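Colleague: I am new to this structure and would love a close look at one part of it. Could you walk me through the place where the two chains meet?

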Amino acid sequence: MGKETSIVEKLELVIPGFHGYKKKELIREDDRLVRGKVADTLALARREMERALQRCAMVSCAQLVAIDNLRKKLMALESRVRHAEAGYRGYFDRVKFKEEELNRLLEYDAKMIELAEEILNEVKALNGQIANPQALGMAVLNLDDKLVNFEEVLGKRMSFAAGE
Amino acid sequence: MAQVIEWVNPGEDEIIWRYPNEVIKWGAQLIVHEYEVAVFMRDGKIYDVLGPGRHTLTTQNLPLLYRLVGGSNSPFKATVIFVSMKQFQGRYGGETQTRELAPVKYYGVYWFKVADPVLFITEVVGGQSLYDTADVTKFIRAYFNEGMMKHLSAYSIVDLFQNLDMVSTQVKVKLMEDFRRLGLELVDVKIEGVNTTDEWRQRLFWIMQTGNAQAVMQMDTAKQVAAELGKSEGAAIGTGMVVMPQLLQQPAQPAQPAQPYAGGGVPPAGYQQPAQQAGQEICPYCGKPIPAGARFCPYCGHEIKRCPNGHVVPEGAKFCPVCGAKIE
């Protein structure tokens, strides 16, 4: 198993008129891999959140519905990241996507990895506070802030991918 | 021409679809859409779960073996099962009772998606070629009814009508593990409606009005006794004079105060809906709290009728259901 380019791909990269197209395609694949990693981290956070929900239901804590709403938000973000735009443009489109722009997309993805890790840590912290109603309330608010931050970065990435 | 394997036009409720032809040519093109995955089985074993994209199917990519088994046109037997990863909607409904044994009917919707295609195929689908939401609902119905009965029976009828979102969340949390065990993910559960009998709806009003379920049940008993006594002319007056005052006595206060309940989760068994705040009554028409002594409801504008002792009575009542006073 490896991520190196195959012989056929290496050949494609030296063919004049095709190598630019191929390089962009490889960046898009990288973008897809990085987004997949972000979505997987968010999925991990969601599973941790479901654990928190179950523990919350066990002790009848008042934040059950709030935690469930955050879980839904997390699910929506996970799907949006996984199926986000990858910077494709048609031949006749006025705005074109070149290598530079595609690399900018990867920068957004890298930022999202950081934020997703923070979300995961925040969910773990929330899970540890289920028996403490006051601290749990704060943990819920903190997680909500993190999700909003993530959504903002994702929104910027989507706008950029749309050529805005 | 290369064989193309693709799930074309999946139905709205179809979760899995098995490619009907098990004879697959070397180099067949498998096209998987973004909203689905394909499970690739060969020799009866699951080999891979293929994500979105175009895949070229071969058994082994070794050229020597490729020639040995007969070249480019030699087919091999394999199974491709497409699994839709989108969200599906199922329906549920049933009948149970609340903490006061009030009969309630409930119905609603749940949303789910496949989380683990391999687990879902091996644990639930088996050898079937097509599996849809109705099949899942049939499979999972017992879990739903059990969860609903457990949670609804922990609530009083008043709490149930006021805390539907909490009940549905509780049920969802309980069912999540059951769904996960089957390779599914329960996204959401919503109760669309809860209904009870007319008799219990009237009782519900009076429980909300007086904040005391026991007193309302006692009034019911008194009414039934009065109706029965009315059937025997001679014995009615004497027996009524002895039995009725006892039945109308206020129930004794419990020795221990009810446990406080902070809200959230299933209320504890000893929990009683707190009586209305001092100086507040409930409008019999819209159910919202109104100031004590108000002549009109500030929310719905209905005129509030009262008995001589000041209890709120429903429109058309000839006697006050709380104190029995005649209404002019």
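How many residue pairs are in polar contact across the interface of chain A and chain B?

Modeller: Happy to help, and please keep in mind that this is a predicted model. Across the interface of chain A and chain B, 6 residue pairs are in polar contact, counting pairs with both residues at pLDDT 80 or more. On the side of chain A that touches chain B, the elements giving two or more residues are helix H2 (19-58) and H3 of chain A. The largest share of that side, 8 residues, comes from H3(A). By type, the residues on this side of chain A divide into 7 nonpolar, 4 polar and 7 charged.

Charged partners meet here too: there are 5 salt bridges between chain A and chain B. One of the salt bridges links A:Glu50 to B:Arg180, with the closest N and O atoms 2.1 Å apart.

Taking both sides, the contact involves 18 residues from chain A and 21 residues from chain B. About 1500 Å² is buried between the chains, and carbon and sulfur atoms give 49% of that area. Within chain A, the residues losing the most area to chain B are A:Gln54, A:Leu64 and A:Val65, together 27% of what that side buries.

Now look at what H3 of chain A rests on. This helix (residues 64-82) lies across S10 and S12 of chain B, and runs at about 135° to S12(B). Those two strands belong to an open, antiparallel sheet of 3 strands in chain B, ordered S9-S10-S12. Strand S9 (88-97) and strand S12 (184-196) are its edge strands.

Conventions
Residues are numbered from 1 along each chain as its sequence is written. Chains are lettered from A and ligands numbered from 1 in the order in which they are written. This is a predicted model: local features need pLDDT of at least 70, side-chain atom pairs count only at pLDDT 80 or more; totals for chains, interfaces and linings use all residues. Side-chain values use heavy atoms; hydrogens and water are left out. Two strands pair if DSSP finds at least two bridges between them. Helices (H or I, at least four residues) and strands (E, at least two) are DSSP runs, numbered from the N terminus. Contact means heavy atoms within 4.5 Å. Axes are lines fitted to C-alpha atoms, for helices over the stretch in contact, and angles run from 0 to 180 degrees between N-to-C directions. Buried area is the accessible area (1.4 Å probe) that two parts lose on being put together, summed over both. A salt bridge is a side-chain nitrogen of Lys or Arg within 4 Å of a carboxyl oxygen of Asp or Glu. A polar contact is a pair of N or O atoms within 3.5 Å; within protein, one must be able to donate a hydrogen and the other to accept it, and residues adjacent in sequence count only if both atoms are side-chain atoms. Ala, Val, Leu, Ile, Met, Phe, Trp, Tyr, Cys and Pro count as nonpolar, Asp, Glu, Lys and Arg as charged, and the others, Gly among them, as polar.
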